[in-house]
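Student: Could you take a close look with me at one part of this model, the loop residues with unusual backbone angles? I would like to see how they sit within the fold.

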Amino acid sequence: MLLFVLAAVAVIVVVRWVAARTGLPAAALLPLIGIAYALLPGPNISLDPDLVLMVVLPPLLYSAALDSSLLDIRRNLRIVVSLSVLLVLLTGVLVGIGFHLFVAGATLAAGIAVGAAIAPPDPVAALAVGRRVNLPPKLVTIIQGEGLLNDATALTMLSVAVAAAVGGTFSFPSAVAQFVLAAVGGVAVGAAVAWLVRLARPFTADPLLSNAISLATPFVAYLLGEELHVSGVLAVVIAGLIVGHHTPQLTSGAARLQTNAVWRLVDFLLEGFVFLLIGQQLPEVVKGLRQYDTSTIVIAVAISVGVVLLLRPAWLVMTQSLPRSLHTRLGGISEQEDPDEPVGTARQIERADRNARRLTSREVVALSWSGTRGVISLAAIFTLPLTTRSGAPFPDRDLLLFCTFVVVLVTLVGQGVTFAPLVRMLGLRANETDQARVRNEARSAAVEAALARLDDVAVEPGSAVAVNTTRTQLLARLARYRGRLDLLEQSDSSEMPTSPEYETALRVRRTVIDAQREELVRWRDSGRLPDEELRVLERELDHEELLLPRRNSG
């Protein structure tokens, strides 16, 4: 097992290196490697759905929630809810109806079960590609928000469908009540866990303690939610969104640096193992297909893939074409203005902002192609029981497994590989100039706040020298930020303007840091500086280097 894990890590590292140089998404390459390994003779690893749902899913969802913006999701809440709740429910129902009508012997409950499994997109591949091609922040927020919330909808729907298939009865009012209870309860549990994390703030000054609490939080939220029979997935997401929103007040700078590094490593390894695991399930899902006619398999796969690929763009086009009045009822703001309302009020600004947030046709096309499915779909369908309450085999279980695997493979590889070329062809790019302008405006405001605070400190006895030195440094930094802002204001392009002086200053600062590192190593090698002291000084230089942009990012 240790050898297998080490080999998997080596494969993940190599694929990440290849992906960085070819532009191909690692999330699409790893399942193909997993399939190739599964076809070779030798031991294979079967997917344990409980392990995925309890050990893999919570940290991945929590990490994604920490990196998401609670405010941005609230601003785009209408479309996020539309995709993560309404579209997921509609996908499950349509697939169920298709199975019931066209697949011989399939029941409606079994069809809805597979529909619920393949309904929620896994945004890992789309987001990885989107960030590399500089997808606009609005689309990134929508994809993130959808991926955070749709798993709870799908898993709740799946549990209702399985209960109906196993017990042979279905009650629509009971299903709706169960769904609402799971959702409301999950939100409450997530908020309670986030509140407990905030209470632990006095004990998390040590970065190690902060990291330990951060790693434990998603599992606490998930287990508590499942124990109370509500949505543990939604509890994890809500806890992550709230904690991430309050992280600047909850943790120290050192704790944030360490926590970010830890979660990046966790994401990298877990996502890599998950995508390798997807490919290795091929023998498991194929071996039970001998009992089905080829025509039955083709029809079932066509319904599954067809609904997944066609319903999403149709839904996006339909929802974006709704009348303004219906948009208002769904959470937007009407364009109609109050004639007595003063011009330029906050309400008018918010109204204009909401109305400008409707998707363009290019954004609709990009979002339509971002619905890649992943391990959640496979883990969900593998939770189907082997038998019903009467002892009979669960209806068409092997066929449902195969349909789910095909949908995951088609979307993950097909859409994952073609998403970047599609985004480039559509010309969708974030406005780098606007992003840099906002950053430098915020930097300038922060420096001005620091200068104002210095005036309060200056009255303290013996602080004159320190205050003057700090003020000189801050004024130099403010001049640099304002000079950068002037350059950005003069730019008419959405791409980052170049400045020879700015690039020269960055090169000089990097050269100075490299020279200091080399001298410290020479001191260590000559025996004049202990290794422990070298690491302290290196850490200081590392933090200084982190302040420099990796490229011309403003």
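**Two loop residues in a helical fold**

Tutor: Happy to! Among contacts between residues at least 6 apart in sequence, 80% join residues at least 24 apart. Keep in mind that this is a predicted model. Its secondary structure comes to 23 helices and 0 strands, and the C-alpha trace spans about 85 × 75 × 45 Å along the principal axes. The radius of gyration is 27 Å, which agrees with the value near 24 Å for a compact globule of 554 residues. Buried residues account for 46% of the 554.

Now to the loops. Start with His229, which sits between helix 10 (207–227) and helix 11 (232–250). His229 is not a glycine, yet its phi is positive, at about 60 degrees. This residue is exposed, because its relative accessible area of 69% is over the 50% cut-off.

Next, move along the chain to Asp396, in the loop between helix 18 (375–382) and helix 19 (397–426). Asp396 also has a positive phi of about 60 degrees without being a glycine. Its relative accessible area is 15%, and since buried means under 20%, Asp396 counts as buried.

To place the pair against the whole surface, the protein exposes about 28200 Å², with carbon and sulfur atoms supplying 64% of that area. As for charge, there are 48 positive and 49 negative side chains, and the centres of the two sets lie 3 Å apart.

Methods:
Residues are numbered from 1 along each chain as its sequence is written. This is a predicted model: local features need pLDDT of at least 70, side-chain atom pairs count only at pLDDT 80 or more; totals for chains, interfaces and linings use all residues. Side-chain values use heavy atoms; hydrogens and water are left out. Helices (H or I, at least four residues) and strands (E, at least two) are DSSP runs, numbered from the N terminus. The radius of gyration is taken over C-alpha atoms; the globule rule is 2.2 Å times the number of residues to the power 0.38. Buried means under 20% relative accessible area, exposed over 50%, partly exposed in between (1.4 Å probe, protein chains only). Contact means heavy atoms within 4.5 Å. Accessible areas come from the Shrake-Rupley method with a 1.4 Å probe; for residues, only the protein chains shown count as cover. Lys and Arg count as positive and Asp and Glu as negative; His and the chain ends are not counted. The place of a charge is taken as NZ of Lys, CZ of Arg, CG of Asp or CD of Glu.
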